[in-house]
Amino acid sequence: VAQNRAVPALPISIRFAATEANSPPGSCGCFLLLGGAVDTEVALGRSFSAAVELAGSHAGNVPGTQRGLSMLSLLGGPRYRMALARNHGLFAQALFGAARGFDANFQSTNPRSDTATVFSYHVGAAYEWKATPLITVRAAQVALVQTNLPNGTDNRQRSVQFGAGLVFHIPLSSLQR
């Protein structure tokens with residue numbers, strides 16, 4: 001008798017992300033960085049996994065400057081999953097890594113620099129709904145984002161990021177061909 005076992009799958013998430021930021025430091029010259037992210041995870045047990053995320057965002061005009069801001073980040077860290085009901089769940093995560101800001105004025109040196117690579121972290125959570133065995137809807141994701149880009153005062157930015165997207169569960173057996 002053949003056993004019906006679940007085929008392991010690699011989850012790949014693609015999502016839209018909007019990050020609320022402010023400029024200049026200490027004010028609320030608020031603006032949005034718009035972009036996207038891809039992430040994946042490797043299970044480390046029933047509820048824990050190791051996640052990695054690559055994200056990019058852009059704002060055409062930063063208030064108080066004559067420039068925009070583009071940013072790329074590569075982060076990784078622990079993710080904890082919790083089932084809510086059939087096909088519904090939450091996860092919380094803490095991701096750490098590097099962010100590279102470019103196409104902007106970074107005020108750490110004289111003369112100013114157009115680029116900076118710094119430490120960054122995201123702490124957040126998401127709600128997901130498994131629509132089919134191969135597709136999960138990440139209906140909402142929110143994170144507190146900190147970057148340490150040079151800004152002429154405290155070199156720290158704390159922002160809130162919102163996002164939503166899809167998770168594709170790619171069966172590992174299809175990758176072995």
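Which residues in the largest nonpolar core touch the most other members? In this predicted model, they are Phe31, Leu33, Leu69, Met71, Phe106 and Leu149, out of the 13 residues that make up the core. Strands E2, E4, E5 (88–106) and E6 are the elements that give two or more residues to this core. E5 is the top contributor, giving 3 residues.

**The barrel**

Let's step back to the fold around that core. Here 8 strands close into a barrel, with antiparallel pairing, and their order is E1-E2-E3-E4-E5-E6-E7-E8. On average, neighbouring strands of this sheet are turned by 25 degrees against each other, direction ignored. For one pairing to look at up close, try E6 and E7: these strands run antiparallel and are joined by 11 bridges. You can find His122 standing opposite Val145 in E7.

**Empty space: a cavity and a pocket**

Rolling a probe the size of a water molecule over the atoms shows where empty space is left. Searching the whole structure in this way turns up 1 cavity of 30 Å³ or more. The residues closest to the centre of the largest cavity are Thr19, Ser57, Met71, Ser73 and Gln161, from a lining of 16 residues. Met71 is a name to remember, since it was also listed for the nonpolar core. At least two lining residues of the cavity come from each of strands E1 (9–22), E2 (30–43), E3 (48–59), E4 (69–85), E6 (113–130) and E7 (135–147).

The largest pocket has its own set of central residues: Glu41, Arg81, Glu128, Lys130 and His169 are the closest to its centre, among 26 that line the pocket. Each of E1, E2, E3, E4, E5, E6 and strand E8 (157–171) supplies at least two residues of this lining. E4 gives the most, with 4 residues.

Here are the two spaces side by side.

| Space | Volume | Lining by class |
|---|---|---|
| Largest cavity | about 160 Å³ | 7 nonpolar, 9 polar, no charged residues |
| Largest pocket | about 810 Å³ | 13 nonpolar, 8 polar, 5 charged residues |

How many charged residues are in the lining of the largest pocket? There are 5, whereas the lining of the largest cavity has no charged residues.

**Following one strand**

E4 makes a good guide if you would like to trace these features through the model. This strand gives two or more residues to the largest nonpolar core, supplies at least two to the lining of the largest cavity, and gives the most to the lining of the largest pocket.

Key:
Residues are numbered from 1 along each chain as its sequence is written. This is a predicted model: local features need pLDDT of at least 70, side-chain atom pairs count only at pLDDT 80 or more; totals for chains, interfaces and linings use all residues. Side-chain values use heavy atoms; hydrogens and water are left out. On a 1 Å grid over the protein atoms alone, a cavity is a set of points where a 1.4 Å probe fits but cannot get out, and a pocket is an open set with protein on both sides within 12 Å along at least five of seven lines; lining residues have an atom within 4 Å of a point. Grid points are joined across faces, edges and corners, and a volume is the space filled by probe spheres set on the points. Ala, Val, Leu, Ile, Met, Phe, Trp, Tyr, Cys and Pro count as nonpolar, Asp, Glu, Lys and Arg as charged, and the others, Gly among them, as polar. Two strands pair if DSSP finds at least two bridges between them. Axes are lines fitted to C-alpha atoms, for helices over the stretch in contact, and angles run from 0 to 180 degrees between N-to-C directions. A nonpolar core is a set of buried Ala, Val, Leu, Ile, Met, Phe, Trp, Tyr and Cys residues joined through side-chain atoms within 4.5 Å. Buried means under 20% relative accessible area, exposed over 50%, partly exposed in between (1.4 Å probe, protein chains only).
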